There are 2 protein chains.
Amino acid sequence: MAATVPKPTDAELEILCVLWSRGRSTVREVHEAITARKPTQYTTVLKQLQVMAGKGLVRRDESQRSHVYVAARTRDWTQRQLAGDLLQRAFGGSTGSLVLGALSETKATKRELAEVRRLLDEYEKGLPQ
Amino acid sequence: MAATVPKPTDAELEILCVLWSRGRSTVREVHEAITARKPTQYTTVLKQLQVMAGKGLVRRDESQRSHVYVAARTRDWTQRQLAGDLLQRAFGGSTGSLVLGALSETKATKRELAEVRRLLDEYEKGLPQ
DNA sequence: ACTATACTACGAGGAGCATCGTAGATCAAA
DNA sequence: TTTGATCTACGATGCTCCTCGTAGTATAGT
């Protein structure tokens, strides 16, 4: 069975973002990234990572004294989960509503709209039949 | 200043969905809708609504013995908040990624794609210049 | 060898969330 | 008027999340 990882919480998501952008990282490295935006104790980040490892959100290499952490799921995969989850919870499954919501909240420009259209085309190409 | 309402929690969102679809509702009516999908005590829903009123997520009319509740924000407004929030937290502000995430997670069909495109067109029409 | 530094493990505690039970008030029906 | 149903108010509990402090261990520098 595919190990089922839970939906990351807010704080966990922040850490995942660091891991996605940095790749394999030690606690210290993650901490430095996190604390730059929001001053936080080192052990807070450490504990988070330990909990996340327990949940299966991250994996770690303990072969060195400084353990090295990696996100267990890709950014894309997680984004799909979160978008799908929100879709069900708040949008009654209507993809169109979600898209519109995202667009209007961020005051998307014509340029971004074009980008979205382009992505739609690409996505459709990958569709069966 | 516009009263700033907090982001609704999962349980709160379920109740809001009921209020949005039913309109003005008593606790009993909300409870009936909620418990149909997930058996729940009457007082649980009542308490939720009371808390939500305190947070400003709903307003209530106490002129009758059975208080009548209304969502304080429209469905559209809330959806925009949630979509925008997720966008910032998980997608680094990239609307395109969010759209793709939602599409691929729900295995959107060609028909739905067409619908999304139509909405995009409409949205663009309302855009200034 | 000794001391300072860096690292992990882990327990504790505050805060919010979701749920429920009980108490007390109000109303309606017999 | 008494009884039963219906409603609100609210306290209590268990859970998760987040944060931090302390303890213990390994490493490195002098």
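Colleague: By class, which residues does the surface near DNA strand C have?
Modeller: That surface has four nonpolar, ten polar and nine charged residues. Nonpolar covers Ala, Val, Leu, Ile, Met, Phe, Trp, Tyr, Cys and Pro; charged covers Asp, Glu, Lys and Arg; the others, Gly among them, count as polar. A residue is near the strand if one of its heavy atoms lies within 4 Å of it.

Colleague: Ground rules?
Modeller: This is a predicted model, where local features need pLDDT of at least 70, side-chain atom pairs count only at pLDDT 80 or more, and totals for chains, interfaces and linings use all residues. Residues are numbered from 1 along each chain as its sequence is written, chains are lettered from A and ligands numbered from 1 in written order, and side-chain values use heavy atoms, without hydrogens or water.

Colleague: Which residues come nearest to DNA strand C?
Modeller: Of the 23 residues around the strand, A:Arg28, A:Tyr42, A:His67, B:Thr9 and B:Lys38 come nearest. Sugar and phosphate make up 63% of the strand atoms that come within 4 Å of the protein.

Colleague: Where is a base nitrogen of DNA strand C contacted?
Modeller: At A:Arg65: a side-chain N or O atom sits 3.2 Å from a base nitrogen. That is a polar contact, meaning a pair of N or O atoms within 3.5 Å. On the phosphate side, a polar side-chain atom of A:Arg60 lies 3.1 Å from an oxygen. A polar backbone atom of B:Gln41 is 3.2 Å from a phosphate oxygen.

Colleague: Which elements give two or more residues to that surface?
Modeller: α2 (27–37) and α3 (42–55) of chain A, plus α1 (10–22) and α3 (42–55) of chain B. Helices are DSSP runs of H or I, at least four residues; strands are E runs of at least two; both are numbered from the N terminus.

Colleague: Take α3(A). Which residues are buried?
Modeller: A:Val45, A:Leu49 and A:Met52. They cover an arc of only 65 degrees around the axis, so they sit on the same side of α3(A). The arc uses directions from the helix axis to the C-beta atoms. The face turned away carries exposed A:Thr43, A:Lys47 and A:Gly54. Buried is under 20% relative accessible area, exposed over 50%, partly exposed in between, with a 1.4 Å probe on protein chains only.

Colleague: Switching to sheets. What is the strand order in chain A?
Modeller: β1-β3-β2, an open, antiparallel sheet of three strands. β1 (25–26) and β2 (58–61) stand at the edges with a single partner each, so one side of each lacks a neighbour in the sheet. Pairing takes at least two DSSP bridges.

Note on methods: A polar contact is a pair of N or O atoms within 3.5 Å; within protein, one must be able to donate a hydrogen and the other to accept it, and residues adjacent in sequence count only if both atoms are side-chain atoms.
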